[in-house]
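Q: Got a minute to walk through a fold with me? I'd like to go over the sheets, the core and the charged pairs.

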Amino acid sequence: MHADTIKDVLHAQPFHPFTLRTVSGEDYLVEHPDFVWLTRGGRTIYISLPGGEGERVRIVDTALIERIET
């Protein structure tokens, strides 16, 4: 997925939660724009995962994101 598409969804006003689906079938719910970080080049996205003890983060290559579901 192109980084600009992800940026558009992240910066939408008002923000609406969305799910990132990867080509391997994994889903990541983004409930707030502060819960993800897209690298400057747009190649990698860091996703803060809910639950568990401490900080849990998934690192995903944006090329492996199949679609965004709102």
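A: Sure. One definition before we start: two strands pair if DSSP finds at least two bridges between them. Also keep in mind that this is a predicted model.

Q: Okay, with that in hand, which residue is the bridge partner of Thr 22 in strand 6?
A: Ile 65 is the bridge partner of Thr 22 there.

Q: And how many bridges join strand 1 to strand 6?
A: Four, and the two strands run antiparallel.

Q: What's the strand order in that sheet?
A: The order is 2-1-6, an open sheet of three strands with antiparallel pairing. Strand 2 and strand 6 are the edges; each has a single partner strand, so one side of each is left without a neighbour in the sheet. On average, neighbouring strands here are turned by 20° against each other, direction ignored.

Q: Where does helix 1 lie?
A: Helix 1 lies across strand 1 and strand 6, and runs at about 20° to strand 6.

Q: What about the sheet with the order 3-4-5, how is the pairing there?
A: Antiparallel, in an open sheet of three strands. Strand 3 and strand 5 stand at the edges with a single partner strand each, so one side of each has no neighbour in the sheet. The average turn between neighbouring strands of this sheet is 15°, direction ignored.

Q: How many bridges join strand 4 to strand 5?
A: Five. One to look up: Thr 44 has Asp 61 in strand 5 as its bridge partner.

Q: Switching to charges. How many salt bridges does a search of the whole structure find?
A: Four. Asp 61 turns up here too, in a salt bridge with Arg 43 whose closest N and O atoms are 3.1 Å apart. That pair links distant parts of the chain: Arg 43 is in the loop between strand 3 (36–38) and strand 4 (44–48), while Asp 61 is in strand 5 (residues 57–61), 18 residues apart.

Q: Are Arg 43 and Asp 61 buried or exposed?
A: Arg 43 is exposed, with a relative accessible area of 54%. Asp 61 is partly exposed, at 23%.

Q: Which residue does Asp 27 form a salt bridge with?
A: Arg 21, and the closest N and O atoms are 2.6 Å apart. Asp 27 is partly exposed at 38% relative accessible area, and Arg 21 also counts as partly exposed, at 22%.

Q: What about Arg 67, which side chain does it meet in a salt bridge?
A: Glu 69, at 2.7 Å from N to O. Arg 67 has a relative accessible area of 34% and Glu 69 has 29%, so each of them counts as partly exposed. Glu 66 belongs with them as well: salt bridges that share partners join Glu 66, Arg 67 and Glu 69 into one network.

Q: On to the inside. Which residues in the largest nonpolar core touch the most other members?
A: Phe 18, Leu 20, Ile 45 and Ile 47, out of 17 residues in that core. Two or more residues come from each of helix 1 (3–10), strand 1 (18–22), strand 2 (27–30), strand 3, strand 4 and strand 6 (65–69). Helix 1 gives the largest share, four residues.

Q: What does Phe 18 touch?
A: Leaving out residues up to four places away in sequence, its contacts include Val 9, Leu 10, Tyr 28, Leu 29 and Ile 68.

Q: And Thr 19, buried or exposed?
A: Thr 19 is buried, at 17% relative accessible area, because buried means under 20%. Thr 19 lies in strand 1. Among its contacts beyond four places in sequence are Asp 27, Arg 67 and Glu 69.

Q: How many aromatic pairs does the structure hold?
A: Two. Phe 15 and Phe 18 are edge-to-face, 5.9 Å centre to centre with 65° between the planes. Phe 15 and Phe 18 are buried. In the Trp 37 and Tyr 46 pair the rings are tilted, at 5.1 Å centre to centre and 40° between the planes. Tyr 46 is partly exposed, with a relative accessible area of 28%.

Q: Last one: where's the cis peptide bond?
A: Between Gln 13 and Pro 14, with omega at about 0°. Pro 14 sits in the loop between helix 1 and strand 1.

Notes. Residues are numbered from 1 along each chain as its sequence is written. This is a predicted model: local features need pLDDT of at least 70, side-chain atom pairs count only at pLDDT 80 or more; totals for chains, interfaces and linings use all residues. Side-chain values use heavy atoms; hydrogens and water are left out. Buried means under 20% relative accessible area, exposed over 50%, partly exposed in between (1.4 Å probe, protein chains only). A nonpolar core is a set of buried Ala, Val, Leu, Ile, Met, Phe, Trp, Tyr and Cys residues joined through side-chain atoms within 4.5 Å. Contact means heavy atoms within 4.5 Å. Rings of Phe, Tyr and Trp (its six-membered ring) pair if their centres lie within 6.5 Å; planes under 30 degrees apart count as stacked, over 60 as edge-to-face and the rest as tilted. Axes are lines fitted to C-alpha atoms, for helices over the stretch in contact, and angles run from 0 to 180 degrees between N-to-C directions.
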